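Work through the exercises below with the sequence and the model at hand. Each task is followed by its solution.

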Amino acid sequence: MELIEREQQIRLGRTHSEEDKALIGAGGYLSPVDHLWTDVLIAISLKKPVLLKGPTGAGKTKLAETVSQFFSQPVQSINCSVDLDAEALLGFKTIVLKDGMNEISFVEGPVIEAMKKGHILYIDEINMAKSETLPILHSVLDYRRMLTNPFTGEVIHAHPDFSVIAAINEGYIGTTPMNEALKNRFVSFSVPYISGEHLRKLWKELFPAAPKELHTLILNLANDLMEQVKQGLLSEEAASIRSLLYATELALYMEPLRAINYAIAEKLEDEQEKKLVLELAASWIK
């Protein structure tokens with residue numbers, strides 16, 4: 001699409017410091033839904049803040065990293081929690097020694113650094129933050145794309161390439177519904193688990209040297225786990241692609257059932273769910 005290609009060429013034409021280049025994502029996301037990848041790129045190209053919704057381990061962070069790779073654009077990351085405050089977002093004042101004298105200096109946080117340098121700002125688990133913390137970003141996220149730094153009074157206008165991607169795990173313990181004023185500033189995309197042929201293709205790319213039997217085991221287990229989740233017999237986290245990835249990596253060096261136990265079953269709270277995961281796995285091991 002011309003819009004995306006034009007925006008990609010603009011962003012690829014920029015130069016970044018070696019330190020910032022280390023913040024460019026590795027890529028590798030494969031969308032299980034038609035148009036999802038392209039539509040996210042359209043929203044980014046139009047300078048719209050993007051909200052990725054989906055279960056843990058569905059690949060939201062990997063999608064953001066792949067956007068970073070596509071545009072060769074560094075990422076400034078924020079991991080939200082109930083302890084997140086304005087300083088964690090914007091930066092803080094500190095005393096530094098300069099020319100033998102103590103002076104107050106402001107250390108810029110990820111929001112301001114991303115705005116000034118034209119980086120991607122990635123806000124992970126945005127609904128873990130307290131509702132009173134994030135309104136400070138309202139002017140950053142809407143058409144104004146600017147911020148008055150409350151610590152210094154500086155007025156910051158975002159670089160043209162500045163982009164925002166946020167991720168949300170809905171319905172998890174410790175999360176709260178997003179403030180409507182905040183949510184309305186985003187374009188929202190659902191990111192489902194990868195399954196079927198998409199998962200097979202991904203595993204072939206990630207583990208080209210793995211035994212065929214291990215590929216078969218993990219892919220069949222993935223399908224079984226997803227089916228049990230749909231039937232309400234397993235919690236959604238049991239089908240996490242991240243957990244399946246960890247299980248595969250461990251299984252390259254240990255007995256597969258032990259790997260699946262460590263990477264998937266032991267992370268579940270319910271004993272019956274743990275037992276069911278191991279039974280499903282064992283059914284595919286000859």
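**Exercise 1.** How many nonpolar, polar and charged residues does the lining of the second largest cavity have?

Solution. The model is a predicted one, in which local features need pLDDT of at least 70 and side-chain atom pairs count only at pLDDT 80 or more, while totals for chains, interfaces and linings use all residues. Residues are numbered from 1 along each chain as its sequence is written, and side-chain values use heavy atoms, with hydrogens and water left out.

Step 1: list the lining. The second largest cavity is lined by Ile 194, Ser 195, Leu 199, Ala 222, Met 226, Ala 239, Ile 241 and Leu 244. (On a 1 Å grid over the protein atoms alone, a cavity is a set of points where a 1.4 Å probe fits but cannot get out, a pocket is an open set with protein on both sides within 12 Å along at least five of seven lines, and lining residues have an atom within 4 Å of a point.)

Step 2: sort by class. Ala, Val, Leu, Ile, Met, Phe, Trp, Tyr, Cys and Pro count as nonpolar, Asp, Glu, Lys and Arg as charged, and the others, Gly among them, as polar. The result is seven nonpolar, one polar and no charged residues.

Step 3: add the volume, the space filled by probe spheres set on grid points joined across faces, edges and corners. For the second largest cavity this is about 40 Å³.

**Exercise 2.** At what angle do helix 9 and helix 11 pack?

Solution. Step 1: locate the helices, which are DSSP runs (H or I, at least four residues) numbered from the N terminus. Helix 9 covers residues 196-206 and helix 11 covers residues 241-251.

Step 2: read the geometry. The angle is about 40° and the axes are 12 Å apart. Axes are lines fitted to C-alpha atoms over the stretch in contact, and angles run from 0 to 180 degrees between N-to-C directions.

Step 3: classify. Angles under 35 degrees are roughly parallel, over 145 roughly antiparallel, 65 to 115 roughly perpendicular and the rest oblique. Helix 9 and helix 11 are therefore oblique to each other.

Step 4: name the contact (heavy atoms within 4.5 Å). Helix 9 contributes Leu 199, Trp 203 and Leu 206, and helix 11 contributes Ile 241, Leu 244, Leu 245 and Thr 248.

**Exercise 3.** Which residues lie closest to the centre of the largest pocket?

Solution. Step 1: the largest pocket holds about 430 Å³ of space. Step 2: of its 18 lining residues, Gly 59, Lys 62, Ile 241, Arg 242 and Leu 245 are the closest to the centre. Step 3: the lining divides into nine nonpolar, five polar and four charged residues.

Key. Helix = DSSP H or I, 4+ residues; strand = E, 2+ residues; numbered from the N terminus.
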